[in-house]
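This briefing walks through one structure, topic by topic. Please keep the sequence and the 3D view open while reading.

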Amino acid sequence: MYSFPKKETCVLVFVLMIGTFLYSNPVDLFKEGQKFQSLGDYFSAMEKYTEAVIENPNYGSAWKALAQCSYNLDEYEMCLDYVSSAEKFMRGDPELSNLAAFSYIGLGNLDEAYSLFSTVLELYPNDPSARFGLAELDIAKGRIPSATDFYLDALKRSPENRKALLSLALVYGEMGNYDMAEEYIQKALQYHSQDPQVHFYSAWLQAKEGKLEEAEGRVRAALKIDPEYDEALELLSSLLYYSKRYSEVIPVTDKRITADRNCASAWYLKARALENLGQIEEAYEIYQSALYSLPGDQFIRTSAEMLITNNFTVEDDRRNEYAGYHFDRAKEFSSQHYLSNSIFEYRRALKLDPYDSDIRQAYAELLRTQGYNERYAGQLEFIINNGNPSVKVKDAYESYSSLLKRSLSASWGIDSVLLDKAHLSIGLYFLPGSLNGIHPDGEKLTTLFLSESMMHEGTCRIYAPDTPVNSFSEAFRDGRNNGVDYFGLVEFAESENSVKITVTLYVTRTGKIAGKFEVYRTGTDRFYSAVMRLTDSILKALPKRGVVLARSGKNVVVDLGRWDGVAVDSKFNVLGKNSVYVADEGLDFNFNEKNIKGTVTLTDLGEDISQGVFSRTGFYDTLETGDYVIPVQNEEAETGTQTGISAENQASASSLLDLLRDIAF
């Protein structure tokens, strides 16, 4: 989504409110504010309006203008506050009610918005803003096609209505009806040829359709009218990036950064362009500058970390700074008992700096507090073998090594650290991305980040090439060539404040669907949170399979333990390796019941292995080490489907609403 850069508007207004101003005529101040507002300079406009209400606290029009500027800056709560102030002097003004209703949509309070719009239409049946508001409500609820009725109704009353024409073009474009979208864009260009926003949305729709040259021509037309139009500059830089004209991207992003040092998308794209030009050190410096201004931007940070791990040696000191960021987050999550988040952050930190003893020791301690003493000792052993261990680490390792001599692993002579428990494999692929995203290469970044997260569990082998596939059939063919059990297509969509990631898994042997996983997240931690959720959902949904490691009489050991979520009395079928394979579709295994050698019922659990009693089927005992064990009853696979509005509709609605809100009345 392309929008005006957001500032710390709350701080700005509070500073202005307590400032000392020389006496000025409030009407003159209001007129100056109107000039700034008409140019889209909402900050300067708010300065003048604030001065006006300080001179005359009863100036309703100035309070109303402050509400309008706040709304245009996406400061919905502030807008509601200013509406409340304005209504004291402009009671019954439908524009104020509409502003409040639109703000409620932005805050997610759809019922309150509907009530206000309906009240306005009862009093003013032809009010266009209220009708546009009802259209946005339909979109917010995922009913995108029905929104067209409200815009068409507005055009009947005013055929040249700019907002209605642009809104219809965007809605039809979202539905994939590009012919209708182009029809309404052309009408908007006919009536509003000198409006840069009309040219911008024309370019945006051409980009969405994949017409790069046409989109570039139209966005340059917008910039010819308004050279400082940031949204148009953002789209132009993306078009140049996807056209692989990386050197041309940099001056455009530099212009945006000069205008706004906190312009995250410009920093991100400049660094990506430098990477593609092979200027790794320069790209690293840009990431550093970006994160200095925007330390919490997870897309920039993830992209920077991938550059570091792909290009810098493990001994490079620059890894430590990035690892330290995740270390601090891990400790914070741990103190709040968010254990899964903490583990995720520790693993990110160790991916960046595997030899940092402090990080590894803290991670080991977290494992110990959760009862995983073998894994705790394994982390301490790594420190001893690869670093400069303290006396405390050595003593702890000696103590726990002695304690673990009585463990299930020790009694069977099995070193669980050396176990290969990845009995399934997945190939993750991504298609060429949409040009309309805030983060070009977002599909690639997401796919590689997700693959790293899934590999950490060690229960599944992940193959994830860093180049896109052009079709389902190409992914299908590559998955078969690489011998993976499943292949997945990763889709990525985003708006200014949300992300949606979809992974559709297919059975590589047949090409039939195995499962679909969707995650939609908002908020500052949305990217990490979405990847964590997907990792957990996919790995839990995969059919569980283990291997017989050893046997003594009726007692057998399998490589599934507490870490894998098994429990005492869990029962597993035993089958030869050539007798079981992934099902033709869905997430399950196929086998002939005649090939079942018997069952294993677990009696004693270790961290990564378990002991059970084998009961044969038939007269002969044919169990061998290396045989597979699969649960007698598989748990129902998690599909990732959400209740209410689907994740797909939520993401589409959020992105489309961002665009519609930028169209001024």
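Which residue in strand 4 is the bridge partner of Tyr486? The bridge partner is Val507. The model is predicted, and the chain averages a pLDDT of 89. The points below cover confidence, then the open sheet, the barrel and three helix pairs.

**Confidence**

- At least 70 is the pLDDT score of 92% of the residues.
- Helix 15 has the highest confidence in the chain, at a mean of 97.
- Helix 1, residues 9-18, has the lowest, at a mean of 45.
- Residues 1-22 stay under a pLDDT of 50. The model has 58 contacts beyond four places in sequence for this stretch.
- Residues 635-651 also stay under 50. Here the model has 30 contacts beyond four places in sequence.
- Where pLDDT is low, predicted coordinates should not be read in detail.

**Open sheet**

- Five strands form an open sheet in the order 2-1-3-4-5. The pairing is mixed.
- The edges are strand 2 (461-463) and strand 5 (513-522). Each has a single partner strand, so one side of each lacks a neighbour in the sheet.
- On average, neighbouring strands of this sheet are turned by 20 degrees against each other, direction ignored.
- Strand 3 (residues 486-494) pairs with strand 4 (residues 498-507) over 9 bridges. The two are antiparallel, and the bridge between Tyr486 and Val507 belongs to this strand pair.
- Helix 27 (residues 526-541) lies across strand 1 (425-430), strand 3, strand 4 and strand 5. The helix runs at about 155 degrees to strand 5.

**Barrel**

- Six strands close into a barrel, in the order 6-7-12-11-8-13. The pairing is antiparallel.
- From one strand to the next, the twist averages 45 degrees.
- Strand 7 (residues 555-558) and strand 12 (residues 610-616) are antiparallel and joined by 4 bridges. In this pairing Val558 stands opposite Ser610 of strand 12.
- Strand 11 (residues 598-605) is joined to strand 12 by 7 bridges, again antiparallel.
- A hairpin of 4 residues connects strand 11 to strand 12.
- Two residue pairs locate the register: Gly598 stands opposite Arg616 of strand 12, and Thr599 stands opposite Ser615 of strand 12.

**Helices 7 and 8**

- Helix 7 (residues 110-123) and helix 8 (residues 128-140) have axes that come within 9 Å. They cross at roughly 155 degrees.
- Why do they count as roughly antiparallel? Angles over 145 degrees are classed that way, and the crossing angle therefore puts helix 7 and helix 8 in that class.
- The crossing of helix 7 and helix 8 is left-handed.
- Helix 7 brings Leu110, Ala113, Tyr114, Phe117, Val120 and Leu121 to the contact. Among the helix 8 residues they meet are Gly133, Leu134 and Leu137.
- The contact of helix 7 with helix 8 has 10 nonpolar, 2 polar and 1 charged residues.

**Helices 14 and 15**

- Helix 14 (residues 230-242) packs on helix 15 (residues 246-259) at an angle of about 160 degrees. The axes are 8 Å apart.
- That angle makes helix 14 roughly antiparallel to helix 15.
- Helix 14 and helix 15 make a left-handed crossing.
- Contact residues of helix 14 include Leu233, Leu236 and Leu240. Those of helix 15 include Val249, Val252 and Arg256.
- By class, the contact of helix 14 with helix 15 holds 7 nonpolar, 2 polar and 5 charged residues.

**Helices 19 and 20**

- The axes of helix 19 (residues 318-335) and helix 20 (residues 339-352) come within 8 Å. Their crossing angle is roughly 165 degrees.
- Helix 19 is thus roughly antiparallel to helix 20.
- The crossing of helix 19 and helix 20 is left-handed.
- Helix 19 residues in the contact include Tyr322, His326, Phe327 and Phe333. On helix 20, Glu345, Tyr346 and Leu352 are among the residues met.
- The contact of helix 19 with helix 20 divides into 8 nonpolar, 4 polar and 6 charged residues.

Methods. Residues numbered from 1 in each chain as written. Predicted model: local features only at pLDDT ≥ 70, side-chain atom pairs only at ≥ 80, totals over all residues. Heavy atoms only, no water. Pairing = 2+ DSSP bridges. Axes fitted to C-alpha atoms, helices over the stretch in contact; angles between N-to-C directions. Parallel < 35°, antiparallel > 145°, perpendicular 65-115°, else oblique. Left-handed = near helix turned anticlockwise from the far one by under 90°. Contact = heavy atoms within 4.5 Å. Nonpolar A, V, L, I, M, F, W, Y, C, P; charged D, E, K, R; others polar. pLDDT = per-residue confidence, 0-100.
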